[in-house]
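Dear colleague,

I am passing on the structure we spoke about, and I would be glad if you could look through it alongside the notes in this email. Please open the coordinates first and then read on.

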Amino acid sequence: MPEPTFKYCPMCATPLVEKHIFNIERQTCPECGFILFLAPKLVTVVVVEYEGKILLGKRNMNPARGMWSFFGGYVDRGEKLEEAAIREVKEETNLDVKLDGLLGLYSENGSPHVLVAYRASIIHNDISALAAQPEEMSDLAFFSLEEIPELAFPFDNQILSDWKKTNRKKNF
């Protein structure tokens, strides 16, 4: 996905120009010297574990509508990472979870996304509130490792692999 471009300097409204700075082409202002640095988009991803299985959601929105994925989404500016992860699971499943540790950080050249992946468990093992939130998920299901369907996003398989490596439970 190409980086967005801007026409005018946010400081003085002078048209921006491309200039080679810090080993990359960047938009700069020839008038005030402003350099546009595009920040990465921070995303949390959560692997929810329950009774020897992993909970996945079937996406009801693009990208990857109709495919299975872990739960997650963008971190809001000023929001704590862990709170964003818990919020995203609640928004997509209506479950309350506790984070059980960091799985990893994932990034890729050319991608504006940086993923922070966590493992989580359902608070008090109470799944009575489990419900797909139709704005985000059309279906929710628990899968054993052998049953996991094709996953939606490029990093999902790496996250699953890292989850397997760090898993201390023997029943998975």
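The notes below go through a helix, the cores, one arginine, the cysteines and some backbone details.

Please keep in mind throughout that this is a predicted model.

Helix 1 runs over residues 81-93, and its 13 residues should span 18 Å at 1.5 Å a residue, which agrees with the 18 Å that separates its end C-alpha atoms. Its buried residues are Ala84, Ala85, Glu88, Val89, Glu92 and Thr93. These residues lie on the same side of helix 1, because the arc that they cover around the axis is only 135 degrees. In general, an α-helix has 3.6 residues a turn, so residues three or four places apart point the same way. The buried residues of helix 1 pack against strand 3 (41-50), strand 4 (53-59) and strand 6 (71-74), and also against strand 7 (97-106), strand 8 (113-122) and strand 9 (137-143). Just after helix 1 comes Asn94, which takes a positive phi of about 70 degrees.

Turning to the interior, the largest nonpolar core has 18 residues, and of these Ile54, Leu56, Phe70 and Ile159 touch the most other members. At least two residues of this core are supplied by each of strand 3, strand 4, strand 7, strand 8 and helix 2 (156-166). A second core, separate from this one, is made of 15 residues, among them Tyr50, Phe71, Val116 and Ile122.

Arg119, whose place is in strand 8, may deserve your attention. With a relative accessibility of 9%, Arg119 counts as buried, since the cut-off for that class is under 20%. Its side chain makes a polar contact with the side chain of Glu49, at 2.9 Å. Leaving aside residues up to four places away in sequence, Arg119 touches Val47, Glu49, Lys98, Leu99, Asp100, Gly101 and Leu103, together with Trp163, Thr166 and Asn167.

On the cysteines, a search of the whole structure finds zero disulfides. Cys9 is in no disulfide, and the nearest cysteine sulfur to it, that of Cys32, is 3.6 Å away, whereas a disulfide would need the two sulfur atoms within 2.5 Å. Cys32 is likewise in no disulfide, with the sulfur of Cys9 as its nearest. In accessibility, Cys9 counts as buried at 4%, while Cys32 counts as partly exposed at 41%.

Some backbone details remain. Most residues other than glycine have a negative phi, and most peptide bonds are trans. Against that background, a cis peptide bond joins Asn62 and Pro63, with omega about 5 degrees, and Pro63 has its place in the loop between strand 4 and strand 5 (68-69). Ala64 is found in the loop between strand 4 and strand 5 as well, and its phi is positive, near 65 degrees; Ala64 is buried, with a relative accessible area of 19%. His124, in the loop between strand 8 and strand 9, has a positive phi of about 55 degrees although it is not a glycine. At 75% relative accessibility, His124 counts as exposed.

With best wishes

Technical notes:
Residues numbered from 1 in each chain as written. Predicted model: local features only at pLDDT ≥ 70, side-chain atom pairs only at ≥ 80, totals over all residues. Heavy atoms only, no water. Helix = DSSP H or I, 4+ residues; strand = E, 2+ residues; numbered from the N terminus. Expected span 1.5 Å × (residues − 1). Buried < 20%, exposed > 50% of the residue type's maximum accessible area, 1.4 Å probe, protein only. Arc of directions from axis to C-beta. Contact = heavy atoms within 4.5 Å. Core = buried A, V, L, I, M, F, W, Y, C linked by side-chain atoms within 4.5 Å. Polar contact = N/O pair within 3.5 Å; in protein donor to acceptor, adjacent residues only side chain to side chain.
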